[in-house]
Amino acid sequence: MRAHSALCPGVVLAALLLIGAAPVPEWQSPLGREHPLVGTVWDVATGGALSPEALVARLAARRYVLLGEKHDNPDHHRLQAWVVRELIAAGRRPAVAFEMFRADQAEAIARHLASSPADARGLGEALDWQRSGWPAWAMYEPIAAVALQARLPLVAANLSEATTVALRRSGPAALDAGATARLGFDRALPDDVRRRLGTDIKDGHCGQLPESAVDSFIVVQRARDAHMAAAMRESGAGGAILIAGVGHVRRDVGVPRALPDGEVASVAFLEARADMVAAPSLSVDYVWLTPRVDDRDPCDRFRKDLERLRRP
């Protein structure tokens, strides 16, 4: 795990002078575009600022690059696509793995690309994306397009739907011996990791998740992270880039725990909050700040959804 540093306003100003213009000509998220931290990139371990180009140079030296997003922020996806493009320009030939693609969709991906190798737009239709529950395919399409134009492999990095259901019902007992070892369930989960995961899961469900369900959610989250890590390790000699939610790219609880530490770099794309005066501390290597999609309280929305479900 890396050390974290909070930044004072003086360091923030110096960083702004250093970084220059971000590689995005116009932000799409509407809130906080004029925030002084928007567009800045931070090295979490040192508290120092980087230019986007310097970040890419560092990422190019790592076999595994993890790009963590807020799923509904279009600027995060634009920056992910930019990073992928720049790593290709730097001579890297990684596979591009997506949390959003399940293992049971790998065959559909292969069929589509066999007939239309560069058709990123049609890939969403081939995956029945409108029913997936993820934000619009138009957000992810540019990332896939960059990869396909360079003829890079696309990897379905998430668990299959059947495996997820089985884990929720039966826990690790649902796995055969090979999957148990591949996903790390032959080793005990450290207590500190279990506590962090439990806290994150409770917070993510706005305190509405029954205590009895937490362990099941921990099992699934642990299996997903381990499966994504295995998919990256098995993706070939060129290494891999992972497109995933921010929680999955964290070093303390996420995918990096199952990857060789010296070969990993994780980037969290985060929204700059209105009251933010320094880069937030997070267990990743780099933080890149963007405008916000909205200021709605996610727990308020979550509670309203629960109320609707409970109505007769």
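User: Glad to have this model to look at! Is Asp285 buried or exposed?

Analyst: Happy to help, and do keep in mind that this is a predicted model. Asp285 sits in the loop between β7 and β8 (286-290). Its relative accessibility is 4%, and the cut-off for a buried residue is under 20%. Asp285 therefore counts as buried.

User: Which side chain meets Asp285 in a salt bridge?

Analyst: The N to O distance in this salt bridge is 3.0 Å. The two residues are 34 apart in the chain, and the partner lies in the loop between α11 (246-249) and β7. At 9% relative accessibility, the partner counts as buried. The side chain that meets Asp285 is that of Arg251.

User: Thanks! Which residues are joined with Glu271 and Arg273 into one network of salt bridges?

Analyst: Let's start from the pair itself: the closest N and O atoms of Glu271 and Arg273 are 3.3 Å apart. Glu271 is buried, with a relative accessible area of 8%, while Arg273 counts as partly exposed at 32%. Salt bridges that share partners then connect this pair to Lys70, Asp72, Arg292 and Asp295.

User: Why is the pair of Trp129 and Tyr140 called tilted?

Analyst: Trp129 belongs to the loop between α5 (120-126) and α6 (137-149), and Tyr140 to helix α6. Both residues are buried. Their ring centres are 5.6 Å apart. Planes under 30 degrees apart would count as stacked and over 60 as edge-to-face, so this pair is tilted, with its planes at 55 degrees.

User: Which residues form one aromatic cluster with Trp129 and Tyr140?

Analyst: The count of aromatic pairs in the model comes to seven. Trp129 and Tyr140 make one such pair, with 5.6 Å between ring centres. The cluster that holds them is completed by Phe98, Phe101 and Trp137.

User: And which residue forms a salt bridge with Asp128?

Analyst: Asp128 is in the loop between α5 and α6, and its phi is near 55 degrees, a positive value in a residue other than glycine. Asp128 counts as partly exposed at 41% relative accessibility. Its salt-bridge partner is exposed, with a relative accessible area of 73%. With the closest N and O atoms 3.9 Å apart, that partner is Arg131.

User: Now the sheet, please. Which strands stand at the edges?

Analyst: Eight strands form an open sheet with mixed pairing, in the order β2-β1-β8-β7-β3-β6-β4-β5. From one strand to the next, the twist averages 30 degrees. An edge strand has a single partner, so one side of it is left without a neighbour in the sheet. The strands in that position are β2 (48-50) and β5.

User: What stands opposite Val65 in β7?

Analyst: Strand β3 (residues 64-69) and strand β7 (residues 264-271) pair over five bridges. The sense of this pairing is parallel. Opposite Val65 stands Ala265.

User: One last spot: is Ser29 buried or exposed?

Analyst: Ser29 has its place in the loop between α1 (9-19) and β1 (41-43). Beyond its neighbours within four places in sequence, Ser29 is in contact with residues including Asn73, Pro74 and Arg292. Since its relative accessibility is 1% and the cut-off is under 20%, Ser29 counts as buried.

Definitions and conventions:
Residues are numbered from 1 along each chain as its sequence is written. This is a predicted model: local features need pLDDT of at least 70, side-chain atom pairs count only at pLDDT 80 or more; totals for chains, interfaces and linings use all residues. Side-chain values use heavy atoms; hydrogens and water are left out. Rings of Phe, Tyr and Trp (its six-membered ring) pair if their centres lie within 6.5 Å; planes under 30 degrees apart count as stacked, over 60 as edge-to-face and the rest as tilted. Helices (H or I, at least four residues) and strands (E, at least two) are DSSP runs, numbered from the N terminus. Buried means under 20% relative accessible area, exposed over 50%, partly exposed in between (1.4 Å probe, protein chains only). Two strands pair if DSSP finds at least two bridges between them. Axes are lines fitted to C-alpha atoms, for helices over the stretch in contact, and angles run from 0 to 180 degrees between N-to-C directions. Contact means heavy atoms within 4.5 Å. A salt bridge is a side-chain nitrogen of Lys or Arg within 4 Å of a carboxyl oxygen of Asp or Glu.
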